[in-house]
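Got a model open and wondering where all those labels come from? Let's go through a few of them and check each against its cut-off.

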Amino acid sequence: MSLRVVVADDSALLRRGLALLLAEAGVEVVGQASDADATALQVAATRPDVLIVDVRMPPTFTDEGLRVAGRVRREHPGTGVLVLSQFVSEASAVDVLGDDARGIGYLLKDRVADVGGFVDAVRRVAAGGTAFDPEVVARLVGLGRDRRGLGDLTAREREVLGLVAEGRSNAAISERLVVSPRTVEKHISTIFAKLGLADSPDDHRRVLAVVAYLSR
Amino acid sequence: MAAPASMTAPSGAVAAAPARGAHDAASPADHPVHHGAPVASSAAGGPGALWVLLVVAVGLLVTLAVVTAPPGSALPRLAGGSFMVVGSWWGSRPAGRRAGLLMLAAGAAWLVALALGDPIVSSLFDGLSLALIAHLLLSFPGGRLRRRFDRGLATAGYAAALVYGSLGIEAGRASRTVEVLVTLGVAVLVCVGIAVLVRRWRHGTPLARRATGPVLLAGAAALVALVVSLLTKDRAVHLCFVITFAALPAAFVAGRLRTRLAAARLADLVRGLRPGVTVDELSQRLAVTLGDPAIRLERLDPGAGTTSSVTPSVAGSAGRPAGAGGQGPAASLVLRDPDAGVAVCLRHDPWWRDEPAQLDAIAGLVLLVLRGERLHAQLRARADELAVSRARVARAAHDERRRIERNLHDGAQQRLVSASMTLGRLAQRDLGADGDRLASETSALLVGALADLRDLANGLHPSTLVERGLQVAVTELVRQLPVQAHVRGDLRGRRLDGAGEATAWFVVNEALTNVVKHAGASRVDVGLELDGPVLEVVVRDDGTGGADVERGTGLRGLADRVAATGGTLDLDSPRGGPTSLRARIPCRSVAG
């Protein structure tokens, strides 16, 4: 069964590009919208697995997209939301996350060019997971790291932490870093111990904990 | 020096209530139009060289006469002599010529009477001297007898002196009856004269009273002493009379000095003036300083013609007489400086017309002050204009930047994203090794281009600022710092007008950059507070301080940027720290 998504972006050019890209990857685009109200209507009408929405939309071109994302999450808890932005805003990423990391994602539009990675993110969100743009995570983790008490972590541990924050599963992490899943688990418990965080078997709860810690 | 001021002095025609008419006797011919040179130096004239010589000569002669006087006659000689000296001084000005001559003549007659032996001739000269003094007092200060009654009185005085002297009453040559009658007649005349003087004093303006007070007082006293002396023939009373007579010249000088002193207080006036003084304030200060309640300054329409007439609007107001039924309506002077756009009407006590040098000084001062006030007002207006224009330019620049950022976002960036998406789809196909390589290179280039554009757009107008507002954008800035940082603000969720937000953001950005680069701080606090129409941004750090707006840390440009919006930037950064940067930026709250 293929995924069903609604694409919302005020640029017809980008909507078309996304639609084609997704279609070629076997994802069905069941609706398109170009402003916040139309987006809400489409989601209500088509009940997709994921809503892919741009942050900036008419009429003010500020944060309509973010707000409709929040609205959809409240009104349709089963629908994942993947927010696309043309630039990275930590604050927006954290806001998007809210208190529930399930079925939520925040990606740079640039990321879409890596079709495989993008579709993977869509699938993750559809499955109730998290997909955070690595650049956002890099900011959260990398900058001001000493201040955030990350000075104790080794470089490898920081890398793992980043991937956890992105919302990846242990399996995905071990595949990415080319190490055994056991090693990944060990890293993660060490990291959580050093940061004083409670580990959790649920990926999305992990993400929440880590991101919450990083964005203090 | 040659200030293009014209002082036209319309005579009483000023007080234009039609009923008044030209009551004031001074004719227009007395007030020529002046351009440039002060009045005093031309119309009033300084003492001619001849007169100065006269004064000196007379002074020497009198001193001689007094010094060589036999005992008992020193005082009378001094009395007569001082009349001559003061008379020559008084007459050295054209305005005082008549009075001066009267004084000179009175003094001369008095001295002649002293010198002569024949009792009748001596008595005649005595009488002449007194009649001349009476004439002088009645016509004070101008030396002209204006009213028929005054003229009659003066003539009667001369006649009485003639009669008294020729009848030889002093020498005891007349019969008792004649003596009594004539003496009584003279006494009555003198009393009438005293009454006239007293009445005149009471009805004078404050200025007139100040100037004529000493004279009229001494004159009345002398006349009273004269009457009593005539009636009682007492030697002691006669001595009193001589003394008061001798005091008269001094009284004249005193009166004159009082007027001059009043004018000297102009210096006090200047000291107390502040810039931006209004015409009304100046008017009041002048009146108080000079002790002339009749002084009023009224604005005229600067465009009105250069004739000496005053516009009806001025005439309609305050045309009331200076003193209650006294010397006539207030006189006035029109002061104009067309280049400076100044035109006022200076109303004053007519007394000042006898002191043209002082009037000149007053007029000069008024013009100076008013010119200054005009300039001040013009400067202020210019400064306001500039501020408005500057703010406009700043806003235009901001709007332009925002427009470019929008265009980048909506145009170039989207196309590039679209291109990279298409490239991505291409990369999904089988391109062969070469194809894969090329696709990969192209992808990298596109990603690079997108990153560049993003930075460019951010430099013009930060994207988070656009989307989430100032507080969120600042929080984001702060979180990237390697030091402890806190943002304190009550703006969450509130949007302000774009230009204000942008300026505030750039202030924080620049300040934080400096903190990281120079301050060596361990903690930074950023405060954002909306205080009415003004946004206050504070960035405080506990670093080493020593920051200076002028020293090329980008703070100069920032200060300019803030100033252009009409705000202020203050930096408090003592050596050793802590440093505190405070910007106040005018900012509207925008709904939504």
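What follows is a run of questions and answers on this predicted model.

Q: Why is B:Ser418 called buried?
A: The cut-off for buried is under 20% relative accessible area. B:Ser418 has 11%, so it counts as buried. It's found in helix H13 of chain B, residues 356-428. Setting aside residues up to four places away in sequence, B:Ser418 touches A:Leu13 and A:Leu14.

Q: What makes B:Ala331 buried or exposed?
A: Its relative accessibility is 3%, and buried means under 20%, so B:Ala331 is buried. You'll find B:Ala331 in strand S4 (residues 331-337) of chain B. Not counting residues up to four places away in sequence, B:Ala331 touches B:Leu346, B:Arg347, B:His348, B:Pro350 and B:Arg353. Take B:Pro350: B:Ala331 is 19 residues from it in sequence, with 5.1 Å from C-alpha to C-alpha.

Q: Why does A:Arg123 count as partly exposed?
A: Partly exposed covers what lies between under 20% (buried) and over 50% (exposed). A:Arg123 comes in at 40%, so partly exposed is the label. A:Arg123 lies in helix H5 (residues 115-126) of chain A. Leaving out neighbours within four places in sequence, A:Arg123 is in contact with A:Leu3 and A:Ala25. The C-alpha atoms of A:Arg123 and A:Gly80 are separated by 9.5 Å, with their positions 43 residues apart along the chain.

Q: How do you know that A:Arg47 is exposed?
A: Exposed needs over 50%, and A:Arg47 has 54% relative accessibility, so it counts as exposed. A:Arg47 sits in the loop between helix H2 (36-46) and strand S3 (50-54) of chain A.

Q: And what makes the phi of A:Arg47 worth a look?
A: Phi there is near 45 degrees, a positive value in a residue other than glycine. Most residues other than glycine have a negative phi. A:Val178 is another non-glycine with a positive phi, of about 55 degrees.

Q: Why is A:Val178 called exposed?
A: A:Val178 has 70% relative accessibility and the cut-off is over 50%, so exposed it is. A:Val178 is found in the loop between H8 and helix H9 (181-195) of chain A.

Q: Why is H7(A) called oblique to H8(A)?
A: The axes of H7 (residues 155-166) and H8 (residues 170-177) of chain A come within 10 Å and cross at roughly 135 degrees. Roughly antiparallel needs over 145, and roughly perpendicular runs from 65 to 115. An angle of roughly 135 degrees fits neither, so H7(A) is oblique to H8(A). The crossing is right-handed.

Q: Which residues make that contact between H7(A) and H8(A)?
A: From H7(A) come A:Arg156, A:Glu159, A:Val160, A:Leu163 and A:Val164, and they meet A:Ile173, A:Arg176 and A:Leu177 of H8(A). Sorted by class, the contact has five nonpolar, no polar and three charged residues.

Q: What makes H4(B) roughly antiparallel to H5(B)?
A: Helix H4 (residues 97-115) and helix H5 (residues 119-139) of chain B pack at an angle of about 160 degrees, with axes 8 Å apart. The cut-off for roughly antiparallel is over 145, so the pair qualifies. H4(B) passes H5(B) in a left-handed crossing. Residues in this contact include B:Leu102, B:Met103 and B:Trp110 of H4(B), and B:Phe125, B:Leu132 and B:Ile133 of H5(B). By class, the contact has 14 nonpolar, four polar and one charged residues.

Q: Which residues touch the most other members of the largest nonpolar core?
A: They're B:Phe252, B:Leu286, B:Trp352 and B:Val366, in a core of 70 residues. Helix H8 (residues 206-232) of chain B gives the largest share of this core, twelve residues. Apart from it lies another core of 46 residues, with A:Ala40, A:Val164, A:Val184 and A:Ile188 among them.

Q: What does B:Leu286 touch?
A: Not counting residues up to four places away in sequence, its contacts are B:Leu266, B:Leu269, B:Gly291, B:Ile295, B:Leu297, B:Leu346, B:Ile362 and B:Val366.

Definitions and conventions. Residues are numbered from 1 along each chain as its sequence is written. Chains are lettered from A and ligands numbered from 1 in the order in which they are written. This is a predicted model: local features need pLDDT of at least 70, side-chain atom pairs count only at pLDDT 80 or more; totals for chains, interfaces and linings use all residues. Side-chain values use heavy atoms; hydrogens and water are left out. A nonpolar core is a set of buried Ala, Val, Leu, Ile, Met, Phe, Trp, Tyr and Cys residues joined through side-chain atoms within 4.5 Å. Buried means under 20% relative accessible area, exposed over 50%, partly exposed in between (1.4 Å probe, protein chains only). Helices (H or I, at least four residues) and strands (E, at least two) are DSSP runs, numbered from the N terminus. Contact means heavy atoms within 4.5 Å. Axes are lines fitted to C-alpha atoms, for helices over the stretch in contact, and angles run from 0 to 180 degrees between N-to-C directions. Angles under 35 degrees count as roughly parallel, over 145 as roughly antiparallel, 65 to 115 as roughly perpendicular and the rest as oblique. A crossing is left-handed if the near helix is turned anticlockwise from the far one by less than a right angle, and right-handed if clockwise. Ala, Val, Leu, Ile, Met, Phe, Trp, Tyr, Cys and Pro count as nonpolar, Asp, Glu, Lys and Arg as charged, and the others, Gly among them, as polar.
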